[in-house]
Amino acid sequence: MKETISLIIDNKKILATDGENLLKIAREQGIDIPGLCFHEKLSPTGACRLCSVKTNKAKGLSMACSISVSEGLEVITLDEEIVENRRQTLLHLLTEHNPDFDDTYLDEFRSLFKQYEINPEKEKNFINSGISFKKEDNSSPVLTYDSSKCIRCFRCIKACTEIQGKNILSFADRGTESYIVAGTGIWDESECDGCGECIQLCPTGAIVEKPHRKEIQLSKIDKLVKTTCPYCGVGCQINLHIQNGKILRSNGYENCSPNYGRLCVKGRFGYDFVHSPERLTNPLIKKDGVFVKASWDEALTLIAATFSKIINQYGNEAMAGYSSAKCTNEDNYIFQKFIRLVFGTNNMDYCTRLCHASTVTAMIKSFNSGAASNSIEDFENTDCLFVTGNNIIETHPITATYVKRGAAKGMKIIVCDPKWTPLVKFADVWLQARIGTDVALLNGIIHIILKENLIDKEFIETRVDGGLSAVEPLRKICEQYTPEYTEKITGVPKNLIQKAAITFAKAKTAMIATGMGMSQQKTGTHNVFSLINMCLITGKIGKELCGINPPRGQNNVQGATDVGVSPLFFPGYIPVSNLANREILAKEWKVPVEKISDKPGLSTIEIVQAAYDGKIKGLFIMGENPLVTDPNLNHTKDAFKKLEFIVVQDIFMTETALEADVVLPASSFAEKDGTFVNSDRRVLRVRKAVEMPGEAREDWRIIMDIAKYMNVPIGKYVNASEIFEEIARVTPIMRGISHERLDQQGIQWPCPDYNHPGTPTLFLDEFPTENGKAKIIAVDHIEPDEQASEEYPIILNSGRILNQYHSATMSRKNDVLNAYGNESYIILHPEDANKQGFTENEKVKVFNQRGSLETKLYISEQVNKGEAFMPWHFGESLVNNLTRDSFDPFSKIAPFKLSAIRIESMNIGKDNKDKISGNGQNI
Amino acid sequence: MNKQHTIISPFLKHEDGDNISSYIESGGFQGLKSALMLSPSKIIDLITESGLRGRGGAGFPTGVKWKYASQPRSEIKYVICNADEGEPGTFKDKLIMEKAPYLFIEGMVIAAYAIGASKGYIYIRGEYSKSISAIQKAISEMYNHGLLGESIAGNSFVFDLEIMLGAGSYLCGEELTLIESLEGKRGYPRIKPPFPAEKGLFLKPTLVNNVETLANVPFIIQSGPDAYRKFGTEKSAGTKLFCISGDVEKPGCFEASLGISLRELIYDFAGGIKNNGTPGAFLTGGAAGTFIPPSLIDIRMDYDTLQMNNATLGSGAIIVLDNTKSIYNFLGSILRFFKHESCGKCVPCRIGCYNLLKIWEQCKDHPECYPDLEKEAAYIAKTSLCPLGQSPILSIKSALHHFKHSI
């Protein structure tokens with residue numbers, strides 16, 4: 001703990017932490033010291049020399065940005081000499097700075113002219129200084145660089161290096177002729193992935209964002225709206241710039257968790273879909289196979305009548321609902337209330353079933369809690385990070401910035417993935433296990449930990465159910481997983497397994513990030529049991545900077561289950577069978593307790609199966625696109641055809657909406673108030689920024705309307721805030737949260753009362769199990785039930801890329817995101833490619849007994865021999881035509897990551913220079 | 001040559017670098033052997049008592065630097081030998097490295113032992129190919145003889161040494177810039193403090209010493225501080241390698257006690273002004289140095305006397321101009337040099353060095369602009385980030401002071 005010291009600035013006594021930066025302290029005190037190279041997020045640079053001050057510790061002038069304060073420091077920030085010196089420096093800068101200004105960026109330099117009495121036209125300036133040096137780079141899809149505006153402050157370089165961990169920018173040339181280059185010289189050919197951190201930190205408009213530059217005028221911005229990014233589960237806080245009712249810019253919101261101003265390319269440039277001309281603007285009713293515009297009254301009347309008819313004819317269990325992790329907690333809460341009270345069933349689910357269901361199942365068995373145990377910020381400060389089946393740099397780019405910053409400080413990183421991911425560049429060990437062999441690999445690691453006696457005995461004794469004796473069954477199973485045996489199953493060299501085991505076990509603190517690669521397998525639940533076992537025997541959970549974390553894929557995948565969209569749980573993870581809770585709900589919902597079903601409902605894939613079997617007849621879908629995201633799509637399509645009535649409410653005419661009987665126009669994230677819950681259980685505000693297009697309505701209001709037309713009252717709410725109040729009343733983990741409390745910062749649940757600050761790390765004192773202890777559940781490796789065969793010799797893995805998102809409904813409506821990659825491909829190992837005589841970029845047909853698709857072939861050692869990888873975003877090459885619906889028996893998740901396939905040439909060779917992945921990695 | 005007081009020179013007699021056996025024969029490694037029998041703090045005391053000051057240009061007391069670096073801040077520490085000799089007119093380190101590589105490496109090993117470092121780097125000017133091969137050979141011989149690596153000379157002390165090549169930047173001779181470069185980054189100066197002794201290479205405590213400084217160390221350890229103090233003056237102890245170039249009969253590198261007069265150096269060592277000419281000016285300390293007029297030819301060449309006369313000893317370079325040479329043109333060369341070498345990181349130096357050259361051009365026909373030249377240089381010196389920006393003022397001010405009418 002650093003001590004507090006006192007210093008004097010301009011005769012005023014100030015208390016500060018020893019060693020803190022003087023310029024930062026002074027600015028916090030409201031003392032106006034200029035400084036263009038300084039940014040509080042960056043290490044001090046000392047380049048612009050504008051923050052000159054005088055101190056009692058040095059002769060002459062010192063630079064405030066370069067002083068670490070200490071006891072007794074006395075500072076003068078303003079006198080005649082200081083002002084003259086700063087003025088001189090500004091005049092010097094003026095000679096190399098082109099003063100043209102177009103009101104599309106914040107100009108910190110220009111804002112100093114008036115204060116220091118500088119008339120840029122009168123003084124010796126850029127035009128007649130002789131320095132007038134200009135170099136431009138317009139090649140990037142997201143930004144332009146103009147060296148004549150550049151004051152060489154290093155902020156963009158440091159933004160790229162220190163904040164985002166990308167190390168792409170640097171100076172070329174020297175002195176007055178130096179200029180910024182990306183990579184080896186051309187922005188678009190560099191590894192730049194368009195996050196725009198450099199744009200946000202540029203103080204002079206040398207780097208300005210390209211999209212909407214012709215429209216945006218900062219002086220004409222009507223309002224700035226702070227809200228939560230609608231893409232992945234990091235929950236970045238964004239600052240939307242609204243001009244004439246349109247979003248023209250999205251900046252990272254500074255000084256606010258979890259992202260502190262950082263964004264990725266999607267958060268900064270992925271908002272154009274909101275104003276897409278393809279947005280749904282009217283209710284549509286399918287008549288003779290064609291959608292016809294309808295009034296709300298017409299559509300709602302039809303829906304109410306048909307839903308009621310099906311319920312009357314087939315009973316409540318003939319109904320089901322798919323909700324959406326893209327919608328707010330308020331939308332989802334109303335959705336589950338509607339399904340439970342109006343449909344009278346628990347048949348509801350959403351994408352979480354296809355995502356982390358197995359992770360949650362395993363974690364609930366062991367800890368009785370399925371959420372991430374740590375905060376996103378912890379990813380920077382733990383000593384060792386074990387990232388498995390999680391392409392964190394592309395799928396959770398801002399969490400990954402913390403990881404990269406940690407790596408720069410010496411954090412050990414173990415990557416476990418059958419496919420190369422960009423994090424491998426930062427890793428100490430990469431375990432490239434064959435697909436489907438994770439339990440064997442982890443048992444091999446546990447074998448070494450047990451053998452080397454690197455277990456945490458005290459932790460096991462005090463925190464694990466059964467104490468040290470609970471380790472014995474695990475020891476018995478892992479006995480046979482010698483490094484040699486494990487290498488044989490997984491293909492990972494034994495020395496790497498050894499290194500990973502010892503690195504993880506010996507680290508003082510360690511965290512696990514586990515992704516779809518682990519969960520979307522037939523043995524998904526077992527995979528996570530193994531991870532938990534590794535955690536428990538080494539005591540790497542239940543302490544600060546230790547724990548297991550499933551970074552959530554969707555913006556609100558966490559929240560939707562938190563507020564009760566689940567066939568098994570009411571809001572707050574209370575089982576549907578819990579009578580006491582049903583009574584509480586019945587009182588809150590003003591219905592007899594019998595009205596609330598205690599029968600566990602059907603999950604995602606079970607709903608499809610039941611539809612196929614003719615048991616489900618009516619389906620209500622809010623914002624979900626199962627005809628792209630579900631496994632074994634041909635089967636799913638057949639099931640949908642058997643449904644009598646499908647209603648879809650969405651913002652676009654998705655693949656699923658096309659199959660609906662009625663389509664209702666809903667609202668995007670930018671058009672409504674509410675909350676999302678991010679990956680680290682942080683409840684974050686969503687705020688209305690623009691109006692909905694046409695006759696579109698907020699999702700929760702549409703659901704209320706349907707209930708009203710069906711004559712089933714499900715409550716009265718004026719706004720989303722009121723809905724949240726009800727959520728808080730029935731959801732113990734969120735009881736202390738309200739929209740009001742979330743105004744400045746998010747709050748991490750559990751937050752049991754209004755005075756509770758929220759919980760950054762779970763399980764610090766005990767696990768929320770009956771006896772407070774965690775369970776070791778030893779599991780053995782099971783051979784995958786689908787194997788490569790002569791007919792289908794390649795095992796296909798699927799995943800995401802940085803610049804596209806899930807079924808791409810939103811992301812592909814943004815030209816900027818598409819510029820970084822908008823085409824399906826399959827990656828195959830060179831040896832396998834040679835066997836079939838394939839060439840790079842060749843068009844290929846990929847198929848198996850379930851379906852087929854066409855795509856383009858990339859040849860790369862990113863994948864193991866005998867394995868292949870495809871991104872699954874692209875509707876024209878539906879990867880899920882090939883996947884299976886043979887699910888993990890414990891969690892009912894589908895094994896998206898393992899499908900035996902065959903690849904055949906379509907023999908139309910085509911040269912294309914598109915990048916292999918979102919960040920241009922092409923190894 | 002009788003006035004040449006020598007500590008280093010006896011080791012410079014070999015033409016093609018030394019070999020380890022002849023170095024040992026001539027008494028080499030005795031300093032190291034004595035040092036390893038002493039406690040690190042005793043060694044630092046000896047260096048402090050000797051009065052040795054940094055020979056790279058700044059003249060900072062070496063013992064103080066070592067003591068600061070020896071404080072137990074970290075288990076990992078580094079010693080760096082600054083062999084990036086780049087000051088115009090300076091070529092002394094080159095001679096030591098080519099002809100007596102063992103001498104300064106011995107000093108470096110002693111330094112490492114004294115501060116508790118187990119890893120060292122020699123950051124050497126990339127163009128010094130002959131020096132590089134001599135050092136490479138010396139390092140490998142020393143490893144073979146158990147004088148580098150594990151258990152040096154049979155002790156538990158471990159020290160590994162590597163060579164890193166500079167890539168032609170003058171600024172990389174500045175110690176913090178050198179450290180940036182050594183870390184694999186572009187050579188930009190760092191904010192100071194923290195000083196290298198606190199947070200240097202990879203943010204670990206680091207001692208940076210010049211080649212010549214280290215070459216003095218074995219003698220001090222072996223013969224004691226008193227023997228060393230017999231050379232030089234009270235505050236400028238020991239000898240110095242002076243590099244005399246320009247309009248002299250016998251340009252070269254000469255070792256002499258600090259405090260020797262400029263006249264002795266020019267006339268007794270360098271054979272006087274070329275073609276019996278008349279001296280016009282002396283530039284001491286290289287481009288980052290000062291002009292001395294012929295009227296001060298009897299000045300004592302030690303740190304303090306020069307400083308009192310607003311001049312600098314710097315690296316020991318003395319560039320001699322006879323009275324036919326133009327001070328104006330020579331100043332222009334210096335200013336062109338600084339514009340070219342300014343790294344561009346800080347505003348005053350990047351733009352100021354450009355301005356200096358522009359103003360200098362104007363001065364040719366408009367001598368009334370000279371005050372502007374000095375004003376600009378003073379602004380740069382006051383505001384710049386690293387010592388480079390503090391350098392142009394030295395030559396400008398001394399030229400204008402001593403040659404107001406003749407420039």
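Start by selecting B:Gly271 in this predicted model. This glycine comes after helix α10 of chain B, and its phi is positive, near 75°.

**Stop 1: helix α10 of chain B**

Now step back to the helix itself, residues 262-269 of chain B, and color B:Leu262, B:Leu265, B:Ile266 and B:Phe269, its buried residues. Look down the axis: they sit on the same side of α10(B), because the arc they cover is only 115°. To see what they pack against, show five strands of chain B: β5 (239-246), β6 (252-257), β7 (279-284), β8 (290-292) and β9 (317-322).

**Stop 2: where the chains meet**

Next, show both chains together. The contact draws on 29 residues of chain A and 24 residues of chain B. Three residues to pick out here are A:Arg49, A:His92 and A:Arg174, which supply 30% of the area that chain A buries against chain B, more than any other three residues. Between them, the two chains bury about 2200 Å², and 54% of that is on carbon and sulfur atoms.

How many salt bridges does the rule find across the interface of chain A and chain B? There are three. For one of them, select B:Lys382 and A:Glu81, whose side chains meet with N to O at 2.6 Å. Turn on polar contacts as well: 14 residue pairs across this interface are in polar contact, with both residues at pLDDT 80 or more.

Then color chain A by element. On its side of the contact, α2 (80-94) and β8 (169-172) are the elements that give two or more residues. The largest share, six residues, comes from α2(A). By residue type, this side of chain A divides into eleven nonpolar, twelve polar and six charged residues.

**Stop 3: a buried pair between chains**

Select A:Glu96 and B:Arg350. These two form a salt bridge whose closest N and O atoms are 2.4 Å apart. This pair crosses between chains: A:Glu96 is in the loop between α2 and α3 (126-129) of chain A, while B:Arg350 is in helix α13 (residues 347-363) of chain B. Are these two residues buried or exposed? Both A:Glu96 and B:Arg350 are buried.

**Stop 4: salt bridges within chain A**

The structure holds 68 salt bridges over all chains, so there is plenty to click on. Try A:Glu191 and A:Lys425, where the side chains meet at 3.6 Å, N to O. This pair links distant parts of the chain, 234 residues apart: A:Glu191 is in the loop between β9 (179-182) and α5 (197-201), and A:Lys425 is in the loop between β19 (412-416) and β20 (429-431). A:Glu191 is partly exposed at 35% relative accessibility, and A:Lys425 is partly exposed at 46%.

Move on to A:Glu588 and A:Arg729, another salt bridge, with the closest N and O atoms 2.9 Å apart. A:Glu588 lies in helix α21 (residues 579-589) and A:Arg729 in helix α26 (residues 720-730), so the pair ties together parts that are 141 residues apart in sequence. A:Arg729 is partly exposed, with a relative accessible area of 43%. For a group rather than a pair, select A:Lys522, A:Asp785, A:Glu786, A:Arg850 and A:Arg884, which are joined into one network by salt bridges that share partners.

**Stop 5: helix α24 of chain A**

Go to residues 633-642 of chain A, helix α24, and highlight its buried residues: A:Leu633, A:His635, A:Thr636, A:Ala639 and A:Phe640. Seen down the axis, they line one face of the helix, because they fall within an arc of 155°. Their packing partners in chain A are β16 (319-322), α22 (604-612), β25 (618-622), α23 (626-629) and β26 (645-650).

**Stop 6: A:Phe869 and A:Ser798**

Finish with two residues that touch each other. A:Phe869 lies in strand β35 (residues 867-871) of chain A and counts as buried, at 6% relative accessibility. Beyond its neighbours within four places in sequence, its contacts include A:Lys419, A:Leu796, A:Tyr825, A:Ile827 and A:Val863.

A:Ser798 is in strand β31 (residues 794-799) of chain A, and is buried too, with a relative accessible area of 5%. Which residue has its backbone oxygen 3.5 Å from a polar atom of the A:Ser798 side chain? Select A:Phe896 to find that oxygen. Leaving out residues up to four places away in sequence, A:Ser798 also touches residues including A:Met870, A:Trp872, A:Val879 and A:Lys897.

Terms used:
Residues are numbered from 1 along each chain as its sequence is written. Chains are lettered from A and ligands numbered from 1 in the order in which they are written. This is a predicted model: local features need pLDDT of at least 70, side-chain atom pairs count only at pLDDT 80 or more; totals for chains, interfaces and linings use all residues. Side-chain values use heavy atoms; hydrogens and water are left out. Contact means heavy atoms within 4.5 Å. Buried area is the accessible area (1.4 Å probe) that two parts lose on being put together, summed over both. A salt bridge is a side-chain nitrogen of Lys or Arg within 4 Å of a carboxyl oxygen of Asp or Glu. A polar contact is a pair of N or O atoms within 3.5 Å; within protein, one must be able to donate a hydrogen and the other to accept it, and residues adjacent in sequence count only if both atoms are side-chain atoms. Helices (H or I, at least four residues) and strands (E, at least two) are DSSP runs, numbered from the N terminus. Ala, Val, Leu, Ile, Met, Phe, Trp, Tyr, Cys and Pro count as nonpolar, Asp, Glu, Lys and Arg as charged, and the others, Gly among them, as polar. Buried means under 20% relative accessible area, exposed over 50%, partly exposed in between (1.4 Å probe, protein chains only). The arc is that of the directions from the helix axis to the C-beta atoms.
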